[in-house]
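Here are my notes on the model you sent over. Have the structure open while you read, and click on each residue as it comes up.

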Amino acid sequence: MTGGGSARGGTILLVEDEEDIATLVRTYLEKDGFRVIWATRGTDGLLALEQNEIRLAILDLQLPDADGLDLCRAIRSTSRLPIVIVTARDEEIDRITGLELGADDYVTKPFSPRELAARVRALLRRASTQPEQRGALSFGDVVLDGDAREVRRAGGEVALTAREFDLLWFLASHPRRVFSRDQLMTSVWGYEPALETGTVTVHVRRLRKKVEADPARPRHLQTVWGVGYRLVP
C-alpha cells in the first residue's frame, strides 16, 4: 500500500491490482492536487479507510484477495463516502450490483484516466454541497421526504441509494419535463455531458423496479425515445 501526491484536494483511495492502470490514475489525480493512497488488495484498502481521512474511493471489482463488491458493501454500511467502481466491459451484473450497493458511478475498462479524474472532481463537488431543505413531493402512491431523504410507496418504506434518491427527486421536481441523459448527468451527478456512459440508464431501471407497479410498463418513469426520461405524476 502506497501513498503520494499533495493533500490540497484531500485523499483518494485507489484499490487496483493492475500497476499500469494505477500509475496512470494516480498521475492524473495527483496533478489535480489529491493525495492518492494506492492499495492492491481489499484488506489493505479497508486498513487505509480506518487509518486515513478518505474523501472518495475508487474500487476495482476484481481483486486478488477479495470481491470488490464486498469492499463496496463494507464501506457503504458505515459511510456515505463517494464510491466509483471499476469493472471489465462484460461485467454488467457487477455494475448493476455495485450501484445497488450504493456506488455513485462506474467506469468500464479500458477507460480514460482523464475522464475518471473529471468524474472524481464532479462527485466531490457534489458531496461537499450542503443538502437543502426540500419538503415533500409525491406522485401516484409514492411520497418523497426531501429533508429525511426517505421514500414510501403505498405506506411502505422504499430503500434507495443516495444517487437513486437524487435522481428521483430531480425528476419529480420537474413533472412531465423531458430530460436527456446528458442533462441528468449534469444536474444530478454534476458531470460534463460528455462523461455520460450507461449510469443514468441503470439508475432509471433500478428506480422502476422500486417505485413502479409494473416496471416493464412504467406509468411514472417514462422513456421518451430518442430524447430521454420524464416523470409523469
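1. Let's start with charge. The protein carries 33 positive and 35 negative side chains, and the centres of these two sets sit 6 Å apart. Keep in mind throughout that this is a predicted model.

2. Now the overall build. You should be able to pick out eight helices and twelve strands. The radius of gyration is 18 Å, close to the 17 Å that the globule rule gives for 233 residues, so the protein is as compact as a globular protein of that length. If you want a feel for the dimensions, the C-alpha trace spans about 50 × 35 × 30 Å along its principal axes.

3. Next, inside and outside. Of the 233 residues, 47% count as buried. The accessible surface comes to about 11200 Å², and carbon and sulfur atoms make up 48% of that. As for how the chain meets itself, take the contacts with a separation of 6 or more: 59% of them are between residues 24 or more positions apart.

4. Go to Lys 109 next. Where does Lys 109 lie? Look in the loop between strand E6 (105-108) and helix H5 (113-127). Is Lys 109 buried or exposed? Its relative accessibility is 17%, and buried means under 20%, so Lys 109 counts as buried. Its side chain has polar contacts with two glutamates: one of 2.9 Å to the side chain of Glu 18, and one of 3.5 Å to the side chain of Glu 16.

5. Stay in that loop for a moment. Most peptide bonds are trans. The bond joining Lys 109 and Pro 110 is cis, though, with omega at about -10°. Pro 110 is also in the loop between E6 and H5, so zoom in there if you'd like to see a cis peptide bond for yourself.

6. On either side of this loop there are two more residues to click on. In strand E6 you'll find Val 107, which is buried at 4% relative accessible area. Leaving aside neighbours within four places in sequence, Val 107 is in contact with Val 84, Ile 85, Val 86, Thr 87, Leu 116 and Arg 119. For a distance to try out, Val 107 and Leu 69 are 38 residues apart in sequence and 14 Å apart in space, C-alpha to C-alpha.

7. The other one is Pro 113, in helix H5. Pro 113 is buried as well, with a relative accessible area of 16%. Which residues does Pro 113 touch, not counting those up to four places away in sequence? They are Leu 24, Val 25 and Tyr 28. Val 224 is a long way off by comparison with that contact list: from Pro 113 there are 111 residues in sequence and 32 Å in space, C-alpha to C-alpha.8. Now for a charged pair. Asp 166 is in helix H6 (residues 162-173) and is buried, with a relative accessible area of 9%. Its side chain makes a polar contact of 2.9 Å with the side chain of Arg 149. Not counting residues up to four places away in sequence, Asp 166 touches Arg 126, Arg 134, Arg 149 and Val 188.

9. Follow that contact over to Arg 149. You'll land in the loop between strand E8 (142-145) and strand E9 (150-153). Arg 149 is partly exposed, at 26% relative accessible area. Check the backbone here too. Most residues other than glycine have a negative phi. Arg 149 is not a glycine, yet its phi is positive, at about 55°.

10. Arg 176 is another one to check for phi. Its value is positive, about 70°, although Arg 176 is not a glycine. Arg 176 sits in the loop between H6 and helix H7 (181-189). With 54% relative accessibility, Arg 176 counts as exposed.

11. Last stop: Ala 159, in the loop between strand E10 (156-158) and H6. Is Ala 159 buried or exposed? At 61% relative accessibility, Ala 159 counts as exposed. Beyond residues up to four places away in sequence, Ala 159 touches Glu 164 and Lys 210. Ala 159 and Trp 38 are 121 residues apart in sequence, and their C-alpha atoms are 32 Å apart in space.

Technical notes
Residues numbered from 1 in each chain as written. Predicted model: local features only at pLDDT ≥ 70, side-chain atom pairs only at ≥ 80, totals over all residues. Heavy atoms only, no water. Helix = DSSP H or I, 4+ residues; strand = E, 2+ residues; numbered from the N terminus. Rg over C-alpha atoms; globule rule 2.2 N^0.38 Å. Buried < 20%, exposed > 50% of the residue type's maximum accessible area, 1.4 Å probe, protein only. Contact = heavy atoms within 4.5 Å. Areas by Shrake-Rupley, 256 points an atom, 1.4 Å probe, with all protein chains shown as cover. Lys, Arg positive; Asp, Glu negative; His and termini not counted. Charge placed at Lys NZ, Arg CZ, Asp CG, Glu CD. Polar contact = N/O pair within 3.5 Å; in protein donor to acceptor, adjacent residues only side chain to side chain.
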